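Student: Could we go through this protein model together, so that I learn what stands behind the words used to describe it?

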Amino acid sequence: MKKRLAGMFLALMLTIMPFAGCTAQDAVGTTVTEASSALQIDSTYFTDRDSKIDYEESTASKIVLSSTTAKITGDGAKLEDKTVKITKEGTYILSGSSDGLNVVVEAADTEKVWLVFDNLSMKGVSAPIQVLTADKVFITLAKGSTNTIEDIEVAESEELNAAIYSKSDLTINGSGKLIVNGKYEHGIKSSDDLKMLGGSFVITAANDGLNANDALNIKDSVIEISAKGDGIHSDKNVYIDGKSLNIKESEEGIEGKVVDIVSGDIDIKSSDDGINATDSSLKTDNLPADVQEKIKNRPERPEGEAVPEGEMQRPEGMPRGAGFENQEGTEIIIRGGDLYIDASGDGIDSNGNLTVSGGKVVIEGSGGRGDGAIDYNGTGLVTGGEVLALGGSDMLQSFSSESAQSHIVVTAKESIAVGAKITIKDESGKVLYEHINKKAFSALVYSSKDLVKSKNYTVQIGDTILETISK
């Protein structure tokens, strides 16, 4: 999607673009309701067991780590060749410090295992915490505890690719602190669901900070992530109803097939897209090598040159939805929260639909060609909340004409330098919004409940005054 050629849009850079490749006058689409049907906000995301943090210490097995050995009290765990193996359902309290020791869960696939981290520190091996078999595993961060899990840069196997690695559903809860350093690849990875409820997290990773093959659901957590890959990555849905999320470094900040944000103070810095909704199975890097080569070798055109008819068609062998068309079931939903996105690619990029129904969103995207502050392939609806999107004008895309809430769009003839004061006023001169940009931009999209359709508005950027009519 983001690889579309900028030249075909140059002549339309002063036109509102509700859909890629078509003008506001001929755009058509299916209106979706404010409450998206893609996800339902209810208790089905988290069970009562997911939120349970009170454990019975007197009956729990206790595992105290010391360098490459461990003292085990109670049933269900044993030490074998620098590995603590947990083989039965039950509660296990882990504490102490190790350098070169693994904790491995190998319980029956019908059993649930509860691990309590109580000032636990582990390093010196690949995947210090491994869940290989179990129905579900719960990790509780004990109150007042600080816990550190760190793997090594060279793993025993490619499969053990996270400091905390799980093949089963994994829930992390509690009120303590967890520091994770994924030196080999990911910080925390689950091959099934990954749920986080409460707790404070500092995660550093050579690839993804948080990675789940299935759902990745976060609630009431404070999370700081520095990752060379994605900050948060899921092949199905990502659900965030948290306290704060600070992605300080990432390739893509948050990626999932459906990204649903309900609340939280969210700050994202990314070298590519800030928030990306995509069907991972259709990514071009999952396609056969010959098809990837065709995509790679598609000619780029100088700015302003028209794209020949048919050039944007899919290369032979490339499936529908692989970055060029609407991917069914793919969506970004923002219902609330306070978001700031600093992206070197697209600020928000949905290969399907985009819906904003609440919250406060500030996007400072790439000012370069080929990226936009807002980018979607289906419908882009704004029905509530407040959005300021700053980015380049070559790939300018605003909200769909079916949106219940009005928006304005302005473009500048030249790029606006960092540090300009942006003031948006209505016809009476009332100030509706002010912002000082941290990145250069040439296009602005703004929407709020204060805008009235077909009214005149003034956008002052430094000493430059631009007038526009709301859509």
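Tutor: What follows is a conversation about a predicted model, in which each term is set against its cut-off.

Student: Why is Trp 114 called buried?

Tutor: A residue counts as buried when its relative accessible area is under 20%. Trp 114 has a relative accessibility of 6%, and therefore it falls in the buried class.

Student: And what makes Tyr 55 partly exposed?

Tutor: Partly exposed is the class between under 20% and over 50%, and Tyr 55, with a relative accessible area of 25%, therefore belongs there.

Student: How do you know that Tyr 55 and Trp 114 form an aromatic pair, and what makes the pair edge-to-face?

Tutor: Two aromatic rings pair if their centres lie within 6.5 Å, and the pair is edge-to-face if the planes are over 60 degrees apart. Here the centres are 6.1 Å apart and the angle between the planes is 85°, so both conditions are met. This is one of four aromatic pairs that a search of the whole structure finds.

Student: Why is the pair said to tie together separate parts of the chain?

Tutor: Tyr 55 lies in the segment before β1 (61-67), whereas Trp 114 lies in strand β7, so the pair joins parts that are 59 residues apart in sequence. Ring pairs also link Tyr 45, Phe 46 and Tyr 239 into a cluster.

Student: What makes Arg 49 a charge over the face of a ring?

Tutor: The distance part of the test asks for CZ of Arg within 6 Å of the ring centre. Arg 49 is at 4.4 Å from the ring centre of Trp 114, and at 3.9 Å from the ring centre of Phe 138. Both values lie within the cut-off, and Arg 49 is listed as lying over the face of Trp 114 and over that of Phe 138.

Student: Which residues have the most contacts inside the largest nonpolar core?

Tutor: They are Leu 115, Ile 188, Leu 210 and Ile 232, in a core of 76 residues. Strand β7 (residues 112-123) gives the largest share of this core, namely five residues. Apart from this core lies another one, of 21 residues, among them Ala 420, Ile 422, Tyr 457 and Val 459.

Student: Which residues does Leu 115 touch, if its neighbours within four places in sequence are left aside?

Tutor: Leu 115 is in contact with Ile 86, Tyr 92, Leu 94, Val 105, Val 137, Phe 138, Ile 139 and Thr 140, where contact requires heavy atoms within 4.5 Å.

Student: How do you know that β7 pairs with strand β10?

Tutor: Pairing needs at least two bridges between the strands, and β7 and strand β10 (residues 146-150) have two, in the parallel sense, so the requirement is met. In β10, the bridge partner of Ser 121 is Thr 148. Strand β9 (residues 136-141) also pairs with β7 in the parallel sense, over six bridges, and there Val 137 is the bridge partner of Val 113. Strand β5 (residues 90-99) runs parallel to β7 as well, joined by nine bridges, with Ser 97 opposite Ser 121.

Student: What makes β3 and β30 edge strands?

Tutor: They belong to an open sheet of twelve strands, in which the pairing is mixed, and β3 (77-80) and β30 (374-376) each pair on one side only. The twist averages 10° from one strand to the next. β3 pairs with strand β4 (residues 83-86) in the antiparallel sense over four bridges, and Ala 77 stands opposite Ile 86 in β4.

Student: Why is a positive phi worth pointing out in some residues?

Tutor: Most residues other than glycine have a negative phi. Asp 220, although not a glycine, has a positive phi of about 55°, and its place is in the loop between β18 (216-219) and β19 (222-227). Ser 454 has a positive phi near 65° and lies in the loop between β36 (441-447) and β37 (456-461).

Student: Why is Ser 454 called exposed, and what is Asp 220 called?

Tutor: Exposed means over 50%, and Ser 454, at 53% relative accessibility, therefore counts as exposed. Asp 220 has a relative accessible area of 37%, so Asp 220 is partly exposed.

Key:
Residues numbered from 1 in each chain as written. Predicted model: local features only at pLDDT ≥ 70, side-chain atom pairs only at ≥ 80, totals over all residues. Heavy atoms only, no water. Core = buried A, V, L, I, M, F, W, Y, C linked by side-chain atoms within 4.5 Å. Buried < 20%, exposed > 50% of the residue type's maximum accessible area, 1.4 Å probe, protein only. Phe/Tyr/Trp six-rings, centres within 6.5 Å; stacked < 30°, edge-to-face > 60°. Lys NZ or Arg CZ within 6 Å of the ring centre and 35° of its normal. Axes fitted to C-alpha atoms, helices over the stretch in contact; angles between N-to-C directions.
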